[in-house]
Structure formats: structure tokens, C-alpha cells
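Q: Could you take me through one part of this protein in detail? I'd like a close look at the salt bridges, and at what lies around them.

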Amino acid sequence: QVQLVESGGGLVEPGGSLRLSCAASGFIFRNYVMSWYRQTPEMEREWVATIGAAGRIIKYADSVQGRFAISRDNFKNIMYLQMNSLKSEDTAVYYCAINQNGRPRNWGQGTQVTVSS
């Protein structure tokens, strides 16, 4: 059974950093493109970043380019999102998902990130 478990969220001041983790199980993690998304109560789900199966191909949304870094450890079956220079606009629930031809599937439960003074 496919499982994705996000963790690492919390409350941080503007300009601070957090590292999110996505622990995967129930599938061959190293064979799949993975993505991070985020969502607020009032807005639709927003794509944040994508990483190729081997971790070499990486893409970011313009809103996080230069501040966030996606990575993965295919031996531990974990994907990460390092978030630096955080802004209040980054406040959201962050989700990881398998990326199937650009479409997310098998969401995790999400982890809350709140950026506030």
C-alpha cells in the first residue's frame, strides 16, 4: 500500500528556514518522479517543486526559485524540501506526491508551515 508521510513543518519567523521530509513506502520510490505542492484554505493547490527519479532533474516554481531546494535519498526512501528565506506568503500546508506525467497522485497527509513574526 502506497504511503507518503510529510513532516518537519512548524512555526518560523520571516527569513527563517525549515526542512520538510516526505517518507515513502509501499512502492519502488527510486523509480518515480516526485513533487512538492502547497495549499491554503482559500487557494487552489500550487505546485512547488519536482525532482526526477534519480534526483538529477529538478524544477521549481518561480515563487520559490532560489530559496527552496528539493532533494531525495533513494536509499532511505525520503524526499526533502529545504526552505530558506521564508516569507509569510509561504504559509501553507505542504504535501508530497508521486508525479505521474505531471499529475499528482497518492498524496500524503500534509504538514503545516506557518511563517509569522
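A: Here is a walk through the salt bridges and their surroundings. Keep in mind that this is a predicted model.

Let's start with the overall count: searching the whole structure turns up three salt bridges. They join up, too, since Arg38, Glu46, Arg67 and Asp90 are linked in a network of salt bridges.

Take aspartate 90 as the way in. You'll find aspartate 90 in the loop between E8 and E9. With a relative accessible area of 2%, aspartate 90 is buried, because anything under 20% counts that way.

One salt bridge of aspartate 90 goes to arginine 38, with 2.9 Å between the closest N and O atoms. Aspartate 90 sits in the loop between strand E8 (78-83) and strand E9 (92-100), while arginine 38 belongs to strand E4 (residues 34-39), so this pair ties together parts that are 52 residues apart in sequence. Both ends of that pair, aspartate 90 and arginine 38, are buried.

Aspartate 90 also forms a salt bridge with arginine 67, and here the closest N and O atoms are 2.7 Å apart. Again the pair links distant parts of the chain: arginine 67 is in the loop between strand E6 (58-60) and strand E7 (68-73), 23 residues from aspartate 90. Arginine 67 is buried as well, its relative accessible area being 12%. You can also read this pair as a polar contact of 2.7 Å between the side chains of aspartate 90 and arginine 67.

Now back to arginine 38, which has another partner. Glutamate 46 forms a salt bridge with arginine 38, the closest N and O atoms being 2.7 Å apart. The two ends of this bridge fall into separate classes: arginine 38 has 5% relative accessibility and counts as buried, whereas glutamate 46, at 31%, counts as partly exposed.

What else does aspartate 90 touch? Setting aside neighbours within four places in sequence, aspartate 90 is in contact with Arg38, Arg67, Phe68, Ser85, Val113 and Val115. Val113 and Val115 take us to E11, where they sit on the covered face together with Thr111. The uncovered face of E11 has Gln112 and Thr114.

E11 has strand partners as well. Strand E2 (residues 10-12) pairs with E11 in the parallel sense, over three bridges; within that pairing, leucine 11 has threonine 114 as its bridge partner. E9 and E11 run antiparallel and are joined by three bridges, and here valine 93 has glutamine 112 as its bridge partner.

Several of these strands also turn up in the nonpolar part of the structure. The largest nonpolar core has 28 residues, and those with the most contacts inside it are Trp36, Met79, Leu81, Met83 and Tyr94. Among the elements that give two or more residues to this core are E4, E7, E8, E9 and strand E11 (111-115). So to put the pieces side by side: E4 holds arginine 38, and the loop between E8 and E9 holds aspartate 90, while E4, E8 and E9 each give two or more residues to the core.

Methods. Residues are numbered from 1 along each chain as its sequence is written. This is a predicted model: local features need pLDDT of at least 70, side-chain atom pairs count only at pLDDT 80 or more; totals for chains, interfaces and linings use all residues. Side-chain values use heavy atoms; hydrogens and water are left out. A salt bridge is a side-chain nitrogen of Lys or Arg within 4 Å of a carboxyl oxygen of Asp or Glu. Buried means under 20% relative accessible area, exposed over 50%, partly exposed in between (1.4 Å probe, protein chains only). Helices (H or I, at least four residues) and strands (E, at least two) are DSSP runs, numbered from the N terminus. A nonpolar core is a set of buried Ala, Val, Leu, Ile, Met, Phe, Trp, Tyr and Cys residues joined through side-chain atoms within 4.5 Å. A polar contact is a pair of N or O atoms within 3.5 Å; within protein, one must be able to donate a hydrogen and the other to accept it, and residues adjacent in sequence count only if both atoms are side-chain atoms. Contact means heavy atoms within 4.5 Å. Two strands pair if DSSP finds at least two bridges between them.
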